[in-house]
Amino acid sequence: MKAAPGSSVTEDGALAMAMPAGTEQWPIDIDLFASGFDLADGGKWSRRTTLYRQGDSDFVRFDVKARPIAKDSKPAQFIARIYSAGRFLGSASRSVIIRRTAPVEAAALSATAERSAAPAMLMLAAAAPQPAVTGNVTLGGAAGDDVPDLDVTILYDDPSGLGSGQIIIHSPHLAGPVTDTFSTPPEMAAWLDSEYRRLLQLGLSLRGAVSLQQPAASSDTGAQKRFVTLAAEGFGDALYRDYVPKPFKDVFWSLRGKGELHSIQITSNSPTLPWELIRPRSADGAVADGFLGMGYRLARWAPRSSASQVDNPLDRMTFTGVAAVAPSYVDKRSLRFQQDEIAALSKLAGYRRFDGDFISFEKLVGEVSTGFIHFSGHGEVNQPSSGRPVFAIDLVDQSLDPDTWAALVATAHGKGNPFYFFNACDTGRSQMLGGFVQGWGPAVLAGGASGFIGGMWPLTDRAAAAFSTDFYGGISTRIKDGPVYLAEILQDVRREFYRTGDPTYLAYTFYGNANLRIVAQ
């Protein structure tokens, strides 16, 4: 069991929730995700029960059947996510093992044999109780905008290959959840790689890895910026047209049409689809919207895969400053604008700088438990057969990969939930290899982080420095007048793409709470 803010886990492993005041019964929606299983009762993957102030509650039953497997056994997992009127309350998960059994002739199968065969088909894996994660938000008493207007959970049967999956949508503006199945063409991943390379090359070739606002030597600057703008918008249009599940499109336009759409939360076991770059268009083509990452408070999250991961992204975070790591590279690896970025960050209250070697980074992870941890440097993505980490951030003396990261932060478990910003090439782009979701976003969350920002493709030096400077500067300036939405700061900075023409401003993805508010210390 894992609790969301406002609920808790009892000593015997039950999820305890405070019933809203003044109500005698409480409808609860329960979503079941079970990759490798089919529903055997013809129902839906999201079902409703009712809790009563007096007496026992109703219960929800899902009859599921394991799909045939090729091996003798296969690990699987049941995940139940619990909602009330669009508000996430908590989750329960259980590992199971699917086992093949020898064929048995129906005529010879006695009742005793049937009972003894059942455990061999589906076995519960051992699971030790996990500590509760609790918050201070009272159910029924929080502001309405603490609940995302559009809460979308997408789980693929095989996240490494895309294909078929489940989508369940919750919203406080809907009468109940929307559920469906869908399929994403596996070739989408290769197409995205090609489009990312194109955007990167447009930025690099037009201005030599600096912002497009620099004067052009022998070309029409305005025409080049228009071309890059149209290329990016065409990319976003194609994403929406060809790859966004239809249930999302239907609910999106319904809420938008009623003026009820401001925040979008995406939880998925595949980070492949770049939701930030999607540009919706109405079914009749008459109404076009802008990039989701500019028009709405948009955030992603990864389903809980470890006991240390926060199950529901935090909705409040105190700005205690920025702890920065900026490795000093030499020769061709030096970053021209890195020092400008660090100089800007050093003006923030609570600023601390750590050296860029592994020992210093290890010290940082152990000491800093709140606020932002910022990395300014190189990141890399390599082929699995290259002999180098597939994903890494480059310190002065080591290349740090997600697996090593996981071992590093394990020793700091329970010391808080800092927010990580990796301002480096490719660190926000997650891929799936060997059947496991790889990449920095999911890895950082699994270590207990409250959020993560990184780039989906290599970032140009100047624009990357300007992006983080504007991001932290926006928080520092606006927080003086009260809490600020982190996602709104990102919206503002991303809009610099239209002023500069540099695609780097579109590259950043945010894992966290779409309604995360940063508050002054």
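**Exercise 1. State how much surface the protein exposes, and characterise its overall make-up.**

Solution. The accessible surface of the protein comes to about 23100 Å², and 52% of that area belongs to carbon and sulfur atoms; such areas come from the Shrake-Rupley method with a 1.4 Å probe, and for residues only the protein chains shown count as cover. The coordinates are those of a predicted model, in which local features need pLDDT of at least 70 and side-chain atom pairs count only at pLDDT 80 or more, while totals for chains, interfaces and linings use all residues. Residues are numbered from 1 along each chain as its sequence is written, and side-chain values use heavy atoms, with hydrogens and water left out.

Next comes burial: of the 521 residues in the protein, 50% are buried, where buried means under 20% relative accessible area, exposed means over 50%, and partly exposed lies in between (1.4 Å probe, protein chains only). The secondary structure comes to 12 helices and 29 strands, which are DSSP runs numbered from the N terminus (helices H or I, at least four residues; strands E, at least two). Finally, among contacts (heavy atoms within 4.5 Å) between residues at least 6 apart in sequence, 72% join residues at least 24 apart.

**Exercise 2. Determine which residues of helix H7 are buried, and why they line one face of the helix.**

Solution. In H7, which spans residues 358-367, the buried residues are Ser360, Phe361, Leu364 and Val365. Seen down the axis of H7, these residues fall within an arc of 140°, so they line one face of the helix; the arc is that of the directions from the helix axis to the C-beta atoms. The general background is that an α-helix has 3.6 residues a turn, so residues three or four places apart point the same way.

The cover over the buried residues of H7 includes strands S17 (322-325), S18 (352-354), S19 (372-376), S21 (391-394) and S22 (399-400), together with helix H8 (402-410). At the N-terminal end, Asp357 acts as a cap, with a side-chain oxygen 3.2 Å from the backbone nitrogen of Ile359.

**Exercise 3. Describe the largest nonpolar core and the surroundings of Ile264.**

Solution. A nonpolar core is a set of buried Ala, Val, Leu, Ile, Met, Phe, Trp, Tyr and Cys residues joined through side-chain atoms within 4.5 Å. The largest such core has 77 residues, and those with the most contacts inside it are Phe248, Ile264, Phe372, Phe471, Leu486 and Ile518. Helix H3 (residues 221-243) supplies the largest share of this core, namely 7 residues.

If neighbours within four places in sequence are left aside, the residues in contact with Ile264 include Leu150, Phe248, Phe252, Leu292, Tyr296 and Ala514. A second, separate core of 29 residues includes Tyr329, Val390, Leu445 and Ala449.

**Exercise 4. Work out how strand S23 is placed, and which strands it pairs with.**

Solution. Of the 5 residues of S23 (residues 419-423), 5 are buried, so the strand is largely enclosed by the rest of the structure. Phe419, Phe421 and Asn423 point one way from S23, whereas Tyr420 and Phe422 point the other way.

For pairing, the criterion is that DSSP finds at least two bridges between the two strands. S19 runs parallel to S23 and is joined to it by 5 bridges, with Phe421 as the bridge partner of His374. S23 also runs parallel to S26 (residues 451-455), through 3 bridges, and here Phe421 stands opposite Ile453.

**Exercise 5. Analyse the faces and partners of strand S21.**

Solution. Both faces of S21 are covered, since Phe391 and Ile393 on one side and Ala392 and Asp394 on the other are all buried. S20 (residues 379-381) pairs with S21 in the antiparallel sense over 3 bridges, and one of the matched pairs is Gly379 with Ile393. S21 also pairs with S22, again in the antiparallel sense, over 2 bridges, where Asp394 has Ser399 as its bridge partner. S21 and S22 form a hairpin with 4 residues between them.

**Exercise 6. Locate Ala85 and describe its backbone angle.**

Solution. Ala85 is found in the loop between strand S8 (73-84) and strand S9 (87-99). The phi of Ala85 is near 50°, a positive value in a residue other than glycine; in general, most residues other than glycine have a negative phi. With a relative accessible area of 56%, Ala85 is exposed.

Note on methods:
A polar contact is a pair of N or O atoms within 3.5 Å; within protein, one must be able to donate a hydrogen and the other to accept it, and residues adjacent in sequence count only if both atoms are side-chain atoms.
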